[in-house]
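Here are my comments for your reading of the model, set out as numbered points. Please go through them with the coordinates open beside you.

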Amino acid sequence: MPTATGAVLEGLHRSILEGIPDVLPPARPLDPAVSHAPKRKDILTAEEKKLALRNALRYFPAKHHAVLAPEFVQELKDFGRIYMYRLRPEQPMRARPIGEYPAKSKQAAAIMLMIQNNLDPAVAQHPHELITYGGNGAVFQNWAQYRLTMQYLSQMSDMQTLVMYSGHPLGLFPSHTDAPRVVVTNGMVIPNYSTPDDWERMNALGVSQYGQMTAGSYMYIGPQGIVHGTTITVLNACRMLKEPGSKGKLFVTSGLGGMSGAQPKAGNIAGVVTICAEVNATAAHKRQSQGWVDEVIADVDACIDAALAWQKKGEPHSIAFLGNIVDLWERLAARSIKVDLGSDQTSLHNPWAGGYYPVGLSYEQSNALMAADPVTFKTKVQETLKRHVTAVNKLAAQGMYFFDYGNAFLLESKRAGADIGGTHGVEFRYPSYVEDIMGPMCFDHGFGPFRWVCTSGDPKDLETSDRISGDVLESMLKEAPTEIAQQIADNLHWIRSAKQNKLVVGSQARILYADSEGRIRIAGAFNAAIRAGTISAPIVLGRDHHDVSGTDSPYRETSNIRDGSRFTADMAVQNFVGDAFRGATWISLHNGGGVGWGEVINGGFGMVLDGSADSDRRLKSMLLWDVNNGIARRAWARNPNAVWSIEQEMKRTPQLKVTLPNEADNDLIDKSIR
């Protein structure tokens, strides 16, 4: 991996160490070559705008206020937020090798690397607004927060903890070596103040942010992070069809910004033909240039015809339809095209601020209407959702398997008045992919998104880690019980072909799905390789929210928990707290993520492996808890696969004692309550 020159490093170090500069850098115009966040609604009163300005200026000495005040007022007027563009560093934002960061703590340097990866223009959706994915998933609210945070991390020792309040670095506090180096919270507002407009107001004031999950917790690894989960979902959805198998099957979906850019790549890996609609031309062509989608077609009939030709060949292929997904669905229905799999992954958790676009308007027209007339924009979005569902229903009646992919499509369609309701007490006409696939097959068994980043930045280290993790899975497959053999086999195939699928965007990172035993064994093997020098630098472990334990999300991750507890958040909060005292390097707790502000609570972590015995101790303690906390909760909800899995773990771990449910007879229940 090439390292930076002395002059570049000197500039990087100077930028990080200075924090808020004593001499303001010159004002900077918007870069038209970069995707920018849409203008947010004008929601603040005149007095609240004064408060937003006062809040922004407190980051700077009084000598700068006269220059910055009119500039920040203009940003608030033009964009609905104060981003402090003037403070954006000149140095290119990317995940540099860990040794290039000025830091007293190697753990802190690893966190700097992860923050910069989240803001890399190749990775981030709106990098200059500090938004990584999902339309509003922010690492920080403004560039002053970034500068102060990086400065604190450069100063931190292993006897301090940095406290982060929704992007704001509260400060360094004395702690101890076993404590997390950083504790992150995002959007943790009082429950009665958690509506979308509450987020708009508090974010505009500069006092809270929507961190999604891996954006605000510094653990995003580009679309690869969800490619694997999407691949597993598509493979298993194909296995559920009347004619099982992926060859020649047609998968139709939407969304190429942020994480949803993973869909066409996953479709190719799974072996299907994919059409993925996207209204943002910049996002569509960005994914094509990165090799995540094979071609971009703007004419709807030409797009459909191309997909049919690839189906006839029986070869996987992915097409980005440059247009509105509703135009595609309606044309497919009008032509009576057989669609095998259907879904949606637009950011419907953020429907009124750029997550979903109304049919009949261009991308630019929609962004203008969103800011100028949010009431009309909302009406048009809801009308579009009704048309969206009507077209999907027609194709589903012809045999298409449609599933919600966890983006709040079903929920927002229902709120819009679309014909999406289920029958016989079932809430929705279509299942969440967690209910049908990921919940019982993966999460209840503890399989989830184990991910890692090689902090050397060296592709050779990533190759070595791929080989090590594959060897661990291969040995596990030889002794695996039938209940989890398919999951291990799918993941072994994934990791053995990971390099050829060219999944890396940004940092040298990888993901696979593993259970508690698999995560511990792979992490232990990584730590041993670092100790032996086979891997040249520390590895950062993490995961996303799409997992067994860290997320309480009633319409996604915990949608297959049916004991009435899916609207509670004890599991996510306990996960966050438990990871803290079991050895995590940093921890995070978020309101929102994936399905929307107010709809989910997420707990997450990052862990630095440095080859030490201390890392061995930490990884065993924390990873065991991080997975089995969720399995235990799922078992208590009477999920049979989770009961089996936690019983296996108790046999492996004598100190683990979990409360198991006793089943009641259905006839007794029915007779008791009439």
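1. Strand β6 (residues 250-254) pairs in the parallel sense with strand β10 (residues 341-342), and 2 bridges connect them. Within this pairing, Phe-251 has Leu-341 of β10 as its bridge partner. Please keep in mind throughout that this is a predicted model.

2. The pairing of β6 with β10 belongs to an open sheet of 6 strands, in which the order is β8-β9-β7-β6-β10-β11 and the pairing is parallel. At the edges stand β8 (295-297) and β11, and because each has a single partner strand, one side of each is left without a neighbour in the sheet. As background for reading such a sheet, side chains in a regular strand alternate between its two faces.

3. Phe-251 also deserves a look for its ring, since one aromatic cluster is formed by Phe-251, Tyr-401, Phe-403, Tyr-405 and Tyr-433. In the loop between β11 (401-402) and α14 (409-415) one finds Ala-408, whose phi is near 75 degrees, a positive value in a residue other than glycine. Most residues other than glycine have a negative phi. Is Ala-408 buried or exposed? With a relative accessibility of 6%, Ala-408 counts as buried.

4. Lys-502 makes a useful companion to that point, for it is not a glycine and yet has a positive phi of about 50 degrees. This lysine lies in the loop between α17 and β13 (509-514), and at 66% relative accessibility Lys-502 counts as exposed, whereas Ala-408 counts as buried.

5. Helix α17 (residues 482-496) comprises 15 residues, and the distance from its first C-alpha to its last is 21 Å, close to the 21 Å expected at 1.5 Å a residue. Its buried residues include Ile-484, Ile-488, Leu-492, Trp-494 and Ile-495, and Gln-487, Asp-490 and Asn-491 of α17 are buried as well.

6. Helix α21 (residues 640-652) can be read in a similar way: it has 13 residues and reaches 19 Å from its first C-alpha to its last, close to the 18 Å expected at 1.5 Å a residue. Which residues of α21 are buried? They are Ala-642, Val-643, Ser-645, Ile-646 and Glu-649, and, seen down the axis of α21, they fall within an arc of 165 degrees, so the buried residues line one face of the helix. The cover over these buried residues includes α18 (516-532) and α20 (613-636), while on the other side of α21 Pro-640 and Lys-651 are exposed.

7. A second set of strands involves β3 (residues 160-165), which runs antiparallel to β4 (residues 168-174) and is joined to that strand by 6 bridges. Here Leu-162 stands opposite Leu-172 of β4. The two strands form a hairpin with 2 residues between them, and in its turn Ser-166 has a positive phi of about 45 degrees. Strand β3 is also joined by 4 bridges to strand β5 (residues 182-186), in this case running parallel, with Val-183 in β5 as the bridge partner of Val-163.

8. The structure holds 21 aromatic pairs. In one of them, Phe-60 and Phe-72, the ring centres are 5.9 Å apart and the planes stand at 50 degrees, so the pair is tilted. Because Phe-60 lies in the loop between α2 (46-57) and α3 (65-79) while Phe-72 is in helix α3, the pair ties together parts that are 12 residues apart in sequence. Both rings belong to buried residues, with a relative accessible area of 5% for Phe-60 and 0% for Phe-72. Another tilted pair is formed by Phe-79 and Tyr-83, at 6.5 Å centre to centre and with 50 degrees between the planes; Phe-79 and Tyr-83 are likewise buried.

9. Finally, two arginines should be viewed together with the rings they face. The charged end of Arg-582 sits over the ring of Trp-625, at 4.4 Å from its centre, and Arg-566 lies over the face of Tyr-555, 5.3 Å from the ring centre.

Terms used: Residues are numbered from 1 along each chain as its sequence is written. This is a predicted model: local features need pLDDT of at least 70, side-chain atom pairs count only at pLDDT 80 or more; totals for chains, interfaces and linings use all residues. Side-chain values use heavy atoms; hydrogens and water are left out. The expected span of a helix is 1.5 Å times one less than its number of residues. Buried means under 20% relative accessible area, exposed over 50%, partly exposed in between (1.4 Å probe, protein chains only). The arc is that of the directions from the helix axis to the C-beta atoms. Contact means heavy atoms within 4.5 Å. Two strands pair if DSSP finds at least two bridges between them. Rings of Phe, Tyr and Trp (its six-membered ring) pair if their centres lie within 6.5 Å; planes under 30 degrees apart count as stacked, over 60 as edge-to-face and the rest as tilted. A charge sits over a ring if NZ of Lys or CZ of Arg is within 6 Å of the ring centre and within 35 degrees of the ring normal.
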